[in-house]
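Please take me through this structure as I sit with it open in the viewer, telling me what to select at each stop and what is to be found there.

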Amino acid sequence: MKKNLIRLVSVAAAGSVCMGLSACSAEVGVNEVSKETVKVGLICLHDENSTYDLNFLKGLEEAKQSLGLSDDQIIIKKNVPETNECKEAAADLADRGCDIIFADSFGHEPYLLEAAEEFPGVQFCHATGTMAHTEKRGNFHDAFASIYQGRYLAGIAAGMKLNEMIDAGKIKPEEAVMGYVGAYTYAEVISGYTSFYLGAKSVCPTTTMQVQFTGSWYDETAEKEAATKLISAGCVLISQHADSMGAPTACETAGVPNISYNGSTQDACPNTFIVSSRINWTPYYEYAINALLNGGEIGYDWTGDLTTGSVLLTDVNEQAAAPGTADAIRKASEDLKSGAIHVFDTANFTVDGSTLTTYLADVDTDPEYKPDTEAIKDGYFHESEFRSAPYFDLRIDGITTLNEMY
Amino acid sequence: MPHSEQKVREPLFHIAKRDSIVWWKAWLIRGVVLLAALVFAGLVSFLLTKENPLRIYMTMLEGAFGTQRRIWGLMQNLAMLLCVSVAVTPAFKMRFWNIGAEGQVLIGGLATAACMILLGDKLPNPLLLLVMIAASVAAGAVWGVIPAFFRANWQTNETLFTLMMNYIAIQLVSFFTYKWSVPKGSGQVGVINRATHAGWLPSLGGHDYLINIIIVLLITFAMYVYLKYSKQGYEIAVVGESENTARYIGIPVKKVIIRTMLISGAICGISGLLMVAGTDHTISRDTAAGRGFTAIMVSWLAKFNSFYMILTSFLIVFLQKGATEISTAFSLNESFSDIITGIIIFFIISSEFFIQYSVRFRRKEAAAS
């Protein structure tokens, strides 16, 4: 058996050496990349049927056009699971001569890191990860966008809608309860719903919020059920942080206004869709690829925001939104950009009844989850500054979580 | 009488079971059907994508064998699928419908991961590896033997029972991946012992997967001998043909059922060990990647012969790898490659029909008279 195996292996190896020659010669010239020869790889967890992955695919397509790259300079691997397959996919992309490789899912990170160790001449850029700023390898980078800014702005649209309902006498001020469908109970989602709530509260001070978790990033039935449950419990406006159409369609059926995510859902929900925030990955692709082409460094941790164009809001649906919403969003957006206002201003929220002056956040990844970094300075919580991925995990007053899901 | 016979209309063709078929005829049928599958799948792909079918097939070959790394990846995937297929085989040969391999693999993997995480810095590596092997084998065996025990004693339905055991295993894995997740609450265990490599199966001669492949080949060989030449293998075959016959000639049926599922489960546990300690170095719900179910097809297609299983699992893995390459190279959705894989597998399964049965057309003179 063993002998046969060895024979099989050696035949296989001999065959592949011949076929692999062209790939080898491509690798040699890694340091002299030019716009005409640069090759870009992308690893996606799912395919374009997931709004999350679609956002990455669209972003790369736009970056390809703005940078003037051709189709054969882009190699995309879809449906790559968060296992050793991810390392194999990354290594295969490197074998094909990719100079820079992007991956879109949180769980890809350790495998991408392994590939980065094996291919020091190739740049690896990972979205939503947390390890690059402690690993400090020259060729491994994390990136995220400060989407909490976008959610804050979307929250303003929600607050104005609540005010409209109160002014019309449809609800009393204390009945301005919002519902939120979240995927999992961790920092990324907590940071998102808190910023959304604070945005709404900035214009409608009496609002409160209930959060229901589904335990999945994509589960249409569970998201629909969660939204329906919140609506029947008296929530008059719904938002969500999960990737299916479950919550928006539940809102359209019930006639309850919805603040969406990942992109406009106006086509499916013309009467209830107000506005949606989303991350635009194009600026990051452009930044990283340009840095590679110009011989510059790619930052080990990059955070896109409103200024870089990484955080976007869709057009406001005038049919469902309160009058003046678009203007209010525009103004707040300018204030956020200039630093006149901060989303997590400690003056605007309390935890267990008291205002915070200090909070140690768990920014550096370690198995013991040790909080390590002081996040509150100058009167606000500095989200996505010490690393790009969110770490705001405070449970503030005014928000009730109905369940927990991990 | 002849008059009335003439009125009976003979159908255009009828199907008859073959008594036996010479080996070359069987392989001729397989070859012709495979060719037909390629032509049909090529036609479908041309109509759907307007790409040259030959280029599509070349791309599949390229995806499976194009580089040394891909060949290793192919053999690694082949070994994993083969291991699970060999594991389910004795149970199926006994006509015990074990569809719980997925759960048995997962629980073996979970036991492995638990040892790596909890004992990684407490035991010297050789001892840790021994503990991991023992834990994964025991976990898989327990997961397999529970349904067998109920089936042997109380005639419970093993299909439903093993299926339910899958869900329990998946939920247990979900629970522990949360408990051990890094960073907290992310639901991802990440690479276990990345710095120390404690509990990782060693790479032989610089090849990470070689040890997996060798272990699986040894198991495959052992299973072939066990089923074909051992007394226990014979007992399995008899119980599979007829439990009553087995009982009549004095085979302890209960004991055989339990023993066989113990073996099935234990090998599944080893598959879990190879996937966690030898491949992924992590545990998640996706660790088994559906192999527990694909293995059923592999095993049946190979008619429970361990060596044929090398061929059938190669076929499945080759199609998977090739199909993935198609979607990357032609920017097509993965669903397209699933269609091609589906067509080819469907044809191959149908070739077994033509080997078992012959199609006889209405004879000319009968139609004329």
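## A helix enclosed in chain B

In this predicted model, begin by selecting helix H12 of chain B, where eight of the eleven residues are buried, so that H12(B) is largely enclosed by the rest of the structure. The buried residues to highlight are B:Arg291, B:Gly292, B:Thr294, B:Ala295, B:Ile296, B:Val298, B:Ser299 and B:Leu301. With these shown, add H4, helix H5 (101-119) and H13 of chain B, against which the buried residues of H12(B) pack.

Keep H12(B) (residues 291-301) and H4(B) (residues 68-93) on screen, and look at how they pack, with their axes 8 Å apart and an angle of about 65° between them. That angle makes H4(B) roughly perpendicular to H12(B), because values from 65 to 115 degrees are placed in that class. The crossing in which H4(B) passes H12(B) is right-handed. To see the contact itself, show the side chains of B:Met80, B:Leu81, B:Val84, B:Ser85, B:Val88, B:Thr89 and B:Phe92 on H4(B), which meet B:Arg291, B:Gly292, B:Thr294, B:Ala295, B:Ile296, B:Val298 and B:Ser299 on H12(B). Coloured by class, the residues of this contact of H4(B) with H12(B) divide into eight nonpolar, five polar and one charged.

## The two ends of H12(B)

Move next to the loop between helix H11 (253-280) and H12 of chain B, where B:Ala289 is found. The phi of B:Ala289 is near 55°, a positive value in a residue other than glycine. B:Ala289 counts as buried, because it has 20 C-beta neighbours inside 10 Å, and 20 or more is what the class requires. Beyond the other end of the helix, select B:Lys303, which follows H12(B) and has a positive phi, near 50°.

## Along helix H14 of chain B

Now select residues 334-356 of chain B, which form helix H14. Does the distance between its ends agree or disagree with the span expected from its 23 residues? At 1.5 Å a residue the helix should span 33 Å, and its end C-alpha atoms are 34 Å apart, which agrees.

Within H14(B), the residues B:Ser337, B:Ile340, B:Ile344 and B:Ser351 are buried, and what covers the buried residues of this helix includes helix H2 (23-49) and helix H13 (306-329) of chain B. For a contrast in exposure, select B:Phe346, which also belongs to helix H14 of chain B. B:Phe346 is exposed, because 12 other C-beta atoms lie within 10 Å, and 12 or fewer places a residue in that class. If a distance is then drawn from B:Phe346 to B:Asn52, 294 residues apart along the chain, their C-alpha atoms are separated by 22 Å.

## Two successive helices

Select residues 210-229 and 231-241 of chain B, helices H8 and H9, whose axes come within 5 Å and cross at roughly 70°. The angle makes H8(B) roughly perpendicular to H9(B). The contact is made by B:Tyr226, B:Leu227, B:Lys228 and B:Tyr229 of H8(B), together with B:Gln232, B:Gly233 and B:Ile236 of H9(B). By class, the residues of this contact of H8(B) with H9(B) divide into four nonpolar, two polar and one charged.

Before leaving chain B, zoom out to take in its secondary structure, which comes to 15 helices and two strands. Its C-alpha atoms fill a box of roughly 90 × 60 × 35 Å along the principal axes, and of the 369 residues in chain B, 44% are buried. Among contacts in chain B between residues at least 6 apart in sequence, 77% join residues at least 24 apart.

## Across to chain A

In chain A, select helix H2 (residues 51-67) and helix H10 (residues 282-293), whose axes come within 8 Å and cross at roughly 50°. That makes H2(A) oblique to H10(A), and the crossing of the two is right-handed. Their contact is made by A:Gly59, A:Leu60, A:Glu62, A:Ala63, A:Ser66 and A:Leu67 of H2(A) and by A:Thr282, A:Tyr285, A:Glu286 and A:Ile289 of H10(A). By class, this contact of H2(A) with H10(A) has five nonpolar, three polar and two charged residues.

For the last stop, select A:Ser384 in the loop between strand E16 (380-381) and strand E17 (399-401) of chain A. A:Ser384 has a positive phi of about 55° although it is not a glycine, and it is buried, with 21 other C-beta atoms within 10 Å.

How values were computed:
Residues are numbered from 1 along each chain as its sequence is written. Chains are lettered from A and ligands numbered from 1 in the order in which they are written. This is a predicted model: local features need pLDDT of at least 70, side-chain atom pairs count only at pLDDT 80 or more; totals for chains, interfaces and linings use all residues. Helices (H or I, at least four residues) and strands (E, at least two) are DSSP runs, numbered from the N terminus. The expected span of a helix is 1.5 Å times one less than its number of residues. Two residues are in contact if their C-beta atoms, placed from the backbone, lie within 7 Å. Axes are lines fitted to C-alpha atoms, for helices over the stretch in contact, and angles run from 0 to 180 degrees between N-to-C directions. Angles under 35 degrees count as roughly parallel, over 145 as roughly antiparallel, 65 to 115 as roughly perpendicular and the rest as oblique. A crossing is left-handed if the near helix is turned anticlockwise from the far one by less than a right angle, and right-handed if clockwise. Ala, Val, Leu, Ile, Met, Phe, Trp, Tyr, Cys and Pro count as nonpolar, Asp, Glu, Lys and Arg as charged, and the others, Gly among them, as polar.
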